[in-house]
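This briefing is meant for a reader who is meeting the structure for the first time. Please look over the sequence and the model before going on to the points below.

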Amino acid sequence: MARAAAQKAAQKAAKIPNAPQASKEDLLRFYREMVLIRRFEERAGQLYGMGLIGGFCHLYIGQEAVAVGVQESVRQGHDKIITGYRDHGHMLCAGMDPKEVMAELTGRIGGSSKGKGGSMHMFDTATGFYGGHGIVGAQVALGTGLAFAGHYRGDDSVAFIYFGDGAANQGQVYESFNMAQLWKLPAIYIIENNQYAMGTSIERSSSTTELSERGSSFGIPGEQVDGMDVLAVRDAVARAVKRAREGGGPFILEMKTYRYRGHSMSDPAKYRAKEEVDEVKQTRDPIDHVKALLAEAKATEDEIKAIDAEVKAIVAEAVQFAQESPEPDPSELYTDVYVEA
């Protein structure tokens, strides 16, 4: 039974044939960014267990290749990024300071939202990151609005709109698809299909499981991508973005990925076998995949260790900052309510 479940998981996250290329320098950068996300999330999980992070906390462990690969096509500060509540990895990829992200998780004034947003509600317009949203699927309509704003202004910007396989069944998603295609908006809809949404397998919750085809009734093309392969993600996104900037309209990218942890820190994930998770970790881990490519590119062990040490120091500094930064003054309850004219 467990073996069958493990085989099924491997098939779910099966690698889509491709032969993308990257330089050793690019691979080292991808490795650094993905390891930073994973080590950051591991420490966030520890802080949550210690009671230093309150509320909900959704970790991105296992899905790192998606955000890192997508970011290669983002013009930082010009394009717009928006996602749901599993958002820490996207923030780090967008260029937000790890110290500010960790401090926001602990509810401190040094956080990106002054400690008032927490895990699910961080924003940083300087990097083009527009959240961080706690309502399932709500970011899709908002992101479509960001795409409309860029189209209206004619500024050549693209909106990168992330959502999951669970949100893919929400009604506002299809209203957004209709408007995006009607007005040929520069919107890239990135479905991070991690197979289980909040805790129900996609086979049990969706009548159609080919999520890249969800825009077909509106005339929106889509593509299924191996979301565990950062190079496959990079190349697929680059094609979709080129099309969007040339006026081709919206595109759907279904990233076949897998989360290693529960839906949130409070989820024991008993709806899947341990053997299933282990199978994906052993055969499909996105960081191990990049390490294998680095070995082929003749990267040295010293180069890998240097990145590991650098990331460890960055995360340790972020944790220290998050613990030492003071809590916001009660008067902060009345700030940032309205946008100043």
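Where does A269 lie? A269 is found in the loop between β5 and α10, and the backbone of this residue is taken up again further down. The model is predicted, and the points that follow move from the whole protein to its cores, its aromatic pairs and a few single residues.

**Overall build**

- The protein is made up of 12 helices and 5 strands, and because its radius of gyration of 19 Å is close to the 20 Å that the globule rule gives for 341 residues, it is as compact as a globular protein of that length.
- Taken along the principal axes, the box that the C-alpha atoms fill is roughly 50 × 50 × 40 Å.
- Of the 341 residues, 53% count as buried, and the accessible surface comes to about 15,000 Å², with 53% of that surface belonging to carbon and sulfur atoms.
- Among the contacts with a separation of 6 or more, 77% are made by residues that stand 24 or more positions apart.

**Nonpolar cores**

- The largest nonpolar core holds 71 residues, and within this core V70, F160, I188, L253 and M255 touch the most other members.
- Helix α2, which covers residues 24–49, supplies the largest share of this core, namely 11 residues.
- Apart from this core lies another one of 20 residues, among them V173, A180, Y189 and I220.
- When residues up to four places away in sequence are not counted, the residues that M255 touches include V66, V70, I190, I191, V225, V233 and V237, and the list also includes E192, N193 and G227.

**Aromatic pairs**

- A pair of aromatic rings is described by the distance of the centres and the angle of the planes.
- The structure holds 9 aromatic pairs, and one of them joins F148 and W183, whose ring centres are 5.5 Å apart and whose planes stand at 50°, so this pair is tilted.
- The pair of F148 and W183 links distant parts of the chain, since F148 sits in helix α6 (residues 138–153) and W183 in the loop between α7 (171–182) and β3 (187–193), 35 residues apart.
- Both rings belong to partly exposed residues, F148 having a relative accessibility of 34% and W183 one of 38%.
- Y174 and F218 form an aromatic pair that is stacked, with 6.5 Å from centre to centre and 25° between the planes.
- This pair too links distant parts of the chain, with Y174 in helix α7 and F218, 44 residues apart from it, in the loop between α8 (202–205) and β4 (222–226).
- Y174 is partly exposed at a relative accessible area of 21%, and F218 likewise counts as partly exposed, at 24%.
- Ring pairs also gather F163, Y174, F177, Y189 and F218 into a cluster, and Y189 of this cluster is listed among the members of the core of 20 residues.

**Backbone features to look at**

- Most residues other than glycine have a negative phi, and most peptide bonds are trans.
- A269 has a phi near 55°, which is a positive value in a residue other than glycine, and A269 counts as buried because its relative accessible area of 11% is under 20%.
- D336, which is not a glycine either, has a positive phi of about 60°, and this residue is found in the segment after α12 (301–324).
- D336 counts as exposed because its relative accessibility of 54% is over 50%.
- A cis peptide bond, with omega at about 20°, joins G131 and G132, and G132 has its place in the loop between α5 (98–105) and α6.

**The loop that holds S266**

- S266 is placed in the loop between β5 (251–256) and α10 (274–284), and the loop between β5 and α10 is also where A269 lies.
- With a relative accessibility of 55%, S266 counts as exposed, whereas A269 is buried.
- The side chains of S266 and S264 are joined by a polar contact of 3.0 Å.
- Along the chain S266 and G89 are 177 residues apart, and their C-alpha atoms are separated by 19 Å.

Definitions and conventions: Residues are numbered from 1 along each chain as its sequence is written. This is a predicted model: local features need pLDDT of at least 70, side-chain atom pairs count only at pLDDT 80 or more; totals for chains, interfaces and linings use all residues. Side-chain values use heavy atoms; hydrogens and water are left out. Rings of Phe, Tyr and Trp (its six-membered ring) pair if their centres lie within 6.5 Å; planes under 30 degrees apart count as stacked, over 60 as edge-to-face and the rest as tilted. Helices (H or I, at least four residues) and strands (E, at least two) are DSSP runs, numbered from the N terminus. Buried means under 20% relative accessible area, exposed over 50%, partly exposed in between (1.4 Å probe, protein chains only). A nonpolar core is a set of buried Ala, Val, Leu, Ile, Met, Phe, Trp, Tyr and Cys residues joined through side-chain atoms within 4.5 Å. Contact means heavy atoms within 4.5 Å. The radius of gyration is taken over C-alpha atoms; the globule rule is 2.2 Å times the number of residues to the power 0.38. Accessible areas come from the Shrake-Rupley method with a 1.4 Å probe; for residues, only the protein chains shown count as cover. A polar contact is a pair of N or O atoms within 3.5 Å; within protein, one must be able to donate a hydrogen and the other to accept it, and residues adjacent in sequence count only if both atoms are side-chain atoms.
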